[in-house]
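Me: I'm new to this one and would like a close look at a single part rather than a quick tour. Could you pick a good spot, stay with it, and show me how the rest ties in?

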Amino acid sequence: QVQFVESGGGLVQAGGSLRLSCVVSGSIFRLFTFGWYRQAPGAQRELIASINRGHSTNYADSVKDRFSISRDNAKNTVSLQMNSLKPEDTAVYYCNFVPAASSWGQGTQVTVSS
């Protein structure tokens, strides 16, 4: 079973930056599309960025031009560079396939203070 291990979250002031990483177990990482999802308190989990095996990317309007997703097939890692953070970016962030599998990692908490 594939496992996702997210890291890199923390507390940051508005306007700051964070870089999240996700290590994905399994030997066929390079074949799949991956995404970063987030779930704010009281809200549904949403897909905010994705990257396919050709490294083409897509972003939700709420993070476009601020966040950047990348992948390293040699390290089975998906990263999310988050700049110009806003309080509304506060959430638990997860990585998963796109579309998502039923199994999720523990996520990493991002808290942006105003």
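Reply: Let's settle on strand β9, residues 91–97, which is joined by 3 bridges to strand β10, residues 108–113, with the two running antiparallel. Keep in mind as we go that this is a predicted model.

To find that pairing on screen, look for two facing pairs. Alanine 91 of β9 sits across from valine 110 in β10, and tyrosine 93 faces threonine 108, also in β10. For background, strands in a sheet pair through backbone hydrogen bonds, in either a parallel or an antiparallel way.

Now turn to another partner of β9. Strand β4 is also joined to β9, this time by 6 bridges, and that pair runs antiparallel too. Here the facing residues to look for are phenylalanine 34 and, in β9, phenylalanine 97.

Zoom out a little, and those pairings fall into place. They belong to an open sheet of 6 strands, in the order β2-β10-β9-β4-β5-β6, with mixed pairing. At the edges sit β2 (10–13) and β6 (57–59), each pairing on one side only. Neighbouring strands in this sheet are turned against each other by 25° on average, ignoring direction.

How well covered is our strand? Of the 7 residues in β9, 6 are buried, so by the under-20% cut-off on relative accessible area the strand is mostly covered. Cysteine 95 in particular has a relative accessible area of 0%, which is why it counts as buried.

That cysteine deserves a longer look. Cysteine 95 forms a disulfide with cysteine 22, and their sulfur atoms are 1.6 Å apart. The link ties together distant parts of the chain: cysteine 22 belongs to strand β3 and cysteine 95 to β9, with their positions 73 residues apart in the count. Cysteine 22 is buried as well, because its relative accessible area is 0%. The disulfide count for the model comes to 1.

Back at threonine 108, the residue facing tyrosine 93, there's another long-range meeting. The C-alpha atom of threonine 108 is 7.9 Å from that of glycine 10, although the two are 98 residues apart along the chain. Glycine 10 lies in strand β2, one of the edge strands. At 24% relative accessibility, glycine 10 counts as partly exposed because it falls between the 20% and 50% cut-offs.

On the β4 side, step back into the loop between β3 (18–24) and β4 (34–39), and you'll meet phenylalanine 32. Its relative accessibility is 33%, so it counts as partly exposed. Together with Ile28 and Leu31, Phe32 makes up a nonpolar surface patch with about 240 Å² of accessible area in total.

One last stop, for contrast, is a hairpin. Strand β7 (residues 67–72) pairs with strand β8 (residues 77–82) in the antiparallel sense over 6 bridges, and serine 68 has glutamine 81 as its bridge partner in β8. The hairpin has 4 residues between its strands, and asparagine 76 has a positive phi near 50°. In a regular strand, side chains alternate between the two faces of the sheet. You can follow that along β7: Phe67, Ile69 and Arg71 point to one face and are buried, whereas Ser68, Ser70 and Asp72 point to the other and are not.

Notes
Residues numbered from 1 in each chain as written. Predicted model: local features only at pLDDT ≥ 70, side-chain atom pairs only at ≥ 80, totals over all residues. Heavy atoms only, no water. Pairing = 2+ DSSP bridges. Axes fitted to C-alpha atoms, helices over the stretch in contact; angles between N-to-C directions. Patch = residues over 30% accessible without salt bridge, like charges linked within 9 Å, V, L, I, M, F, W, Y side chains within 5 Å. Areas by Shrake-Rupley, 256 points an atom, 1.4 Å probe, with all protein chains shown as cover. Salt bridge = Lys/Arg side-chain N within 4 Å of Asp/Glu carboxyl O. Buried < 20%, exposed > 50% of the residue type's maximum accessible area, 1.4 Å probe, protein only. Disulfide = S-S within 2.5 Å.
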